[in-house]
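Work through the exercises below with the sequence and the structure side by side. Try each task before you read its solution.

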Amino acid sequence: MRDFPISHVSTGDILRTHIASKTELGVLANSYVSRGDLVPDSVMVSLVQQELRQHSGDKHWLLDGFPRTLQQAKALAEPATGVAVDYVIHLDIPKQTIIERISNRWIHAPSGRVYAYDYNPPKVRGKDDVTGEPLVQRDDDKPETVAQRLDKYAQMTTPLVEFYSQPTSDGRKRLVTFAGTESDVIYPQVKAFLESVL
Ligand code: AMP
């Protein structure tokens, strides 16, 4: 994490690494990710448990993109997982804002360079700045895939929000919601919150 001493564990990034190197998990995951579907809970839970074991010495960590289902949240809460979730950051952003933002993202696949047509455009539309090669849109960044993901996300978020709205056994509130459309506005609020609790 840029501003904090927090290990960033992103399930999307981990899956993309597996997909790019065509591991057994990557080939399996790709059949779901490319359609905008969630990878099965059993696969995700063992992946995250393994990842958290590697981070067991870290003081703080941020789980990004996990849990996405109630089953994943319940598995994470199992004592065997060996970690406790202190806070859940819930970003409440309008659907159309997300579709526009994500479908503006284009990449140069061989180098991994990422462009955003709204705030970090390539010098020539559709071409990588360094090589001039064509940019591509990740399958899961295409507007129709994003819309499909968001519909599923909305259906799945409600039970998760309810789950994390329950106070902890010591009566602490874990769910913290930030609403808005601009990351420039929301991020300082998230940062201030994290600074207050770290
Ligand atoms: P992300 O970069 O977090 O949006 O993740 C990209 C894709 O990876 C998602 O659309 C899912 O297909 C898959 N994925 C990431 N995290 C999870 C998760 N916790 N459970 C199931 N699938 C996931």
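**Exercise 1. Place Ser-103 in its helix, decide whether Ser-103 is buried or exposed, and find which residues Ser-103 is in contact with.**

Solution. Begin with the secondary structure: Ser-103 belongs to helix H5, residues 95-103, where helices (H or I, at least four residues) and strands (E, at least two) are DSSP runs numbered from the N terminus. Before going further, note that this is a predicted model, in which local features need pLDDT of at least 70 and side-chain atom pairs count only at pLDDT 80 or more, while totals for chains, interfaces and linings use all residues. Residues are numbered from 1 along each chain as its sequence is written, and side-chain values use heavy atoms, with hydrogens and water left out.

Next, take the accessibility: Ser-103 has a relative accessibility of 17% and therefore counts as buried, since buried means under 20% relative accessible area, exposed over 50%, and partly exposed in between (1.4 Å probe, protein chains only). Then look for partners: the side chain of Ser-103 reaches the backbone oxygen of Ile-99 at 2.5 Å. If neighbours within four places in sequence are left aside, Ser-103 is in contact (heavy atoms within 4.5 Å) with Gln-137, Asp-141 and Pro-143.

**Exercise 2. Find which residues of H1 are buried, and explain why they line one face of the helix.**

Solution. In H1, the buried residues are Thr-11, Ile-14, Leu-15 and Ile-19. Seen down the axis of H1, these buried residues fall within an arc of 135° (taken from the directions from the helix axis to the C-beta atoms), so they line one face of the helix. A general rule helps here: an α-helix has 3.6 residues a turn, so residues three or four places apart point the same way. On the other side of H1, Thr-17 and Ala-20 are exposed. The cover over the buried residues of H1 includes strand S1 (7-10), H2, H3 and strand S2 (61-64).

**Exercise 3. Repeat the analysis for H2: which residues are buried, and what covers them?**

Solution. Within helix H2 (residues 24-33), Leu-25, Gly-26, Ala-29 and Val-33 are buried. They cover an arc of only 90° around the axis, which puts them on the same side of H2. The face turned away from the buried side of H2 carries the exposed residues Glu-24 and Val-27, whereas the cover over the buried residues includes H1 and helix H3 (41-54).

**Exercise 4. Describe the backbone at Lys-22 and at the bond between Phe-66 and Pro-67.**

Solution. Start from the general expectation that most residues other than glycine have a negative phi, and that most peptide bonds are trans. Lys-22 is not a glycine, yet has a positive phi of about 50°; Lys-22 sits in the loop between H1 and H2 and, at 66% relative accessibility, counts as exposed. Phe-66 and Pro-67 are joined by a cis peptide bond, with omega about -5°, and Pro-67 is found in the loop between S2 and helix H4 (70-77).

**Exercise 5. State how many residues surround the ligand, and of which classes.**

Solution. The ligand is surrounded by 15 residues (each with a heavy atom within 4 Å), and the closest are Thr-11, Asp-37, Gly-65, Arg-68 and Arg-149. By class, this shell has 6 nonpolar, 4 polar and 5 charged residues, where Ala, Val, Leu, Ile, Met, Phe, Trp, Tyr, Cys and Pro count as nonpolar, Asp, Glu, Lys and Arg as charged, and the others, Gly among them, as polar.

Key: A polar contact is a pair of N or O atoms within 3.5 Å; within protein, one must be able to donate a hydrogen and the other to accept it, and residues adjacent in sequence count only if both atoms are side-chain atoms.
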